[in-house]
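Biologist: Can you put the model up? I'd like to go through it with you.

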Amino acid sequence: MTAARTLLRGGRIVSMDPTVGDLIGDVLIENGTIAAIGPDLAIAEGSADIVDASRHIVLPGFIDSHRHLFQALMRGLAADWSLFQYFTTMFGMLGPHMTPEHMSLGTALGAYDSLDSGVTTVFDYSHNQSSPEHTDEAVRALQASGIRAVFGYGGAMSEQLEILSPPFTSTTPSNEAEIRRVRSRYFSSDSGLVTMGLAVRGPDSSPLDVVRADFALGRELGLRINTHIGMAVLDPQGRPNVTRLHRAGLLGDDLIFGHCNLLTDEEFRLMADAGVSVSVTPEDESAMGHGWPPITQLLKAGIRPNIGIDTCMAVGGDPFTAMRFALAVPRGLANQQSLENGANPWQLELSARDVLEFATIEGARALGMEDVTGSLTPGKQADIVMIRTDHISMTPVLDPVASIVHHASRQTVDTVFVAGRAVKRGGALIAADAAGISRRAVDTVGELLEAAGVTPGWAPPPPPHPGDH
Ligand SMILES: [Zn+2]
């Protein structure tokens, strides 16, 4: 639906904007933008498409600040792998065999999976740019999908592979000419639905001169810079790497640090002072060996985190599960500590609204898009999700925020708009090519696994030098 005006009538609005608040009312969309929100908006008859939202919660689209979309092609393969089994197999075996077509299919699958579950904006941490054709295909798939995205250019798989063998650091300089080509070819303006960012190896995985060059290039080109840091025992150069960045004058509010599980309170304070954003990916961090999501420590330092899925090789792609992990894990850790001190927990850490903020407005802030998306606010883009309240898993809705976080699922996501364009209606994804992409993915992934020597259910061997990590 691309009508110039659409009115969502009579929904339970959870705006995530403190000025707008929560209300039962209408949302008017004009030319892709939220024009007005109110209890009973008066519009001339026939001047807008009317959508009955009376049996829906209406909320802003979710924002995923850290997802490797292309890995949706290998969905579930890493379900029982540790982080280091994943590194060994993804970087050493699968990645080098991925073709430009695989990048296209995986990126499209990941984008549609995101949209179907209500994620309207994603930072695509795309660290398999092994040739210009890989990049071209990934960018085109993202642009064709209809999702709002930051394409995080992440370098060649061979750069990632360097991390697995001595000296366990990736010294190859980033491909500056290629990054400049991508910027000017696809992202000469920042006004498109898909914009560009950098997904760099960072100080845990590359020497400081590489980090310095990457950050300088990103800043010259005006790109958000995302990197994995402080997860597992990855850095061979010794911690604390955030302190090294601070001393080098490299911290800034254009940085998004993913994971940060093992960073110290002092490092979190340095990051807070510099305005660094933090992406936690609570489900795979909890399971794979990154360390616990550091949500309580971040809040103590004054950083409100945002949320990512990370990899659909290991976990599912919906934001509801991620929010529930983001709530349950800090609570569980605090409760356990209290119990071990001989006291039953009386109050719980965090709230459902906190994690809903992490998955919406905080993600927008991290991506520098707080004026564009992340809340239902007049003037922002109409990135909107409608969740059914009459689904058996949802009714009765007594507290809409609790219902979103604890009871909703992708099955209850009825309608999704990105910039006012419906990408899901009546519970069905609107994507003419989704069935074809799924078929091609099924057809080609077998060849990829065969070429890589990986079979589903197979457990990779330990990393080559586990004692050195
Ligand atoms: Zn990641």
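What follows is a chat about the fold, one helix, its aromatic residues and some backbone details.

Biologist: What kind of model is this?
Modeller: This is a predicted model.

Biologist: How many helices and strands are in the chain?
Modeller: The chain has 15 helices and 17 strands.

Biologist: What is the radius of gyration, and what would a compact globule have?
Modeller: The chain has 22 Å, and a compact globule of 469 residues would be near 23 Å, so the two agree. Along the principal axes, the C-alpha atoms fill a box of roughly 70 × 60 × 45 Å.

Biologist: What share of the residues is buried?
Modeller: Buried residues are 58% of the 469 in the chain. The exposed surface comes to about 17600 Å², with 52% of it supplied by carbon and sulfur atoms.

Biologist: And the contacts, how many join residues at least 24 apart?
Modeller: Counting contacts between residues at least 6 apart in sequence, 76% join residues at least 24 apart.

Biologist: Charges next. How far apart are the mean positions of the positive and negative ones?
Modeller: They are 3 Å apart, for 34 positive and 54 negative charges.

Biologist: Let's move to helix H1. Why call it largely enclosed?
Modeller: Helix H1 covers residues 83–94, and 11 of its 12 residues are buried, so the rest of the structure largely encloses it. Among the buried ones are Leu-83, Gln-85, Met-90 and Leu-94.

Biologist: What covers them?
Modeller: The cover on the buried residues of H1 includes helix H4 (157–161), helix H9 (282–288) and helix H15 (434–452).

Biologist: How many aromatic pairs does the whole structure have?
Modeller: The search finds eight. One of them is Phe-87 with Phe-91, a stacked pair with 5.3 Å centre to centre and 20 degrees between the planes.

Biologist: Where do those two sit relative to each other in H1?
Modeller: Phe-87 and Phe-91 are four residues apart in helix H1, which means about one helical turn separates them. In general, an α-helix has 3.6 residues a turn, so residues three or four places apart point the same way.

Biologist: Are they buried or exposed?
Modeller: Phe-87 counts as buried at 7% relative accessibility, and Phe-91 is buried with a relative accessible area of 5%. A tilted pair is formed by Tyr-186 and Phe-187, at 6.3 Å centre to centre with 55 degrees between the planes. Tyr-186 is buried at 15% relative accessible area, and Phe-187 is buried at 1% relative accessibility.

Biologist: Back to Phe-87 and Phe-91, which aromatic cluster are they in?
Modeller: They form one cluster with Phe-84 and Tyr-86.

Biologist: Backbone now. Which peptide bonds are cis?
Modeller: The bond from Pro-166 to Pro-167 is cis, with omega near 5 degrees. Pro-167 lies in the loop between H4 and helix H5 (176–186). The bond from Thr-395 to Pro-396 is also cis, with omega near 0 degrees. Pro-396 is in the loop between strand S14 (384–388) and helix H14 (400–407).

Biologist: Which residues other than glycine have a positive phi?
Modeller: They include His-259, with a phi of about 85 degrees, and Leu-350, with phi near 60 degrees.

Biologist: Where is each one?
Modeller: His-259 belongs to strand S11 (residues 255–259). Leu-350 is in the loop between helix H11 (319–340) and helix H12 (352–358).

Biologist: Buried or exposed?
Modeller: His-259 is buried, with a relative accessible area of 1%. Leu-350 has 18%, and so is buried as well, the cut-off being under 20%.

Definitions and conventions:
Residues are numbered from 1 along each chain as its sequence is written. This is a predicted model: local features need pLDDT of at least 70, side-chain atom pairs count only at pLDDT 80 or more; totals for chains, interfaces and linings use all residues. Side-chain values use heavy atoms; hydrogens and water are left out. The radius of gyration is taken over C-alpha atoms; the globule rule is 2.2 Å times the number of residues to the power 0.38. Buried means under 20% relative accessible area, exposed over 50%, partly exposed in between (1.4 Å probe, protein chains only). Contact means heavy atoms within 4.5 Å. Accessible areas come from the Shrake-Rupley method with a 1.4 Å probe; for residues, only the protein chains shown count as cover. Lys and Arg count as positive and Asp and Glu as negative; His and the chain ends are not counted. The place of a charge is taken as NZ of Lys, CZ of Arg, CG of Asp or CD of Glu. Rings of Phe, Tyr and Trp (its six-membered ring) pair if their centres lie within 6.5 Å; planes under 30 degrees apart count as stacked, over 60 as edge-to-face and the rest as tilted.
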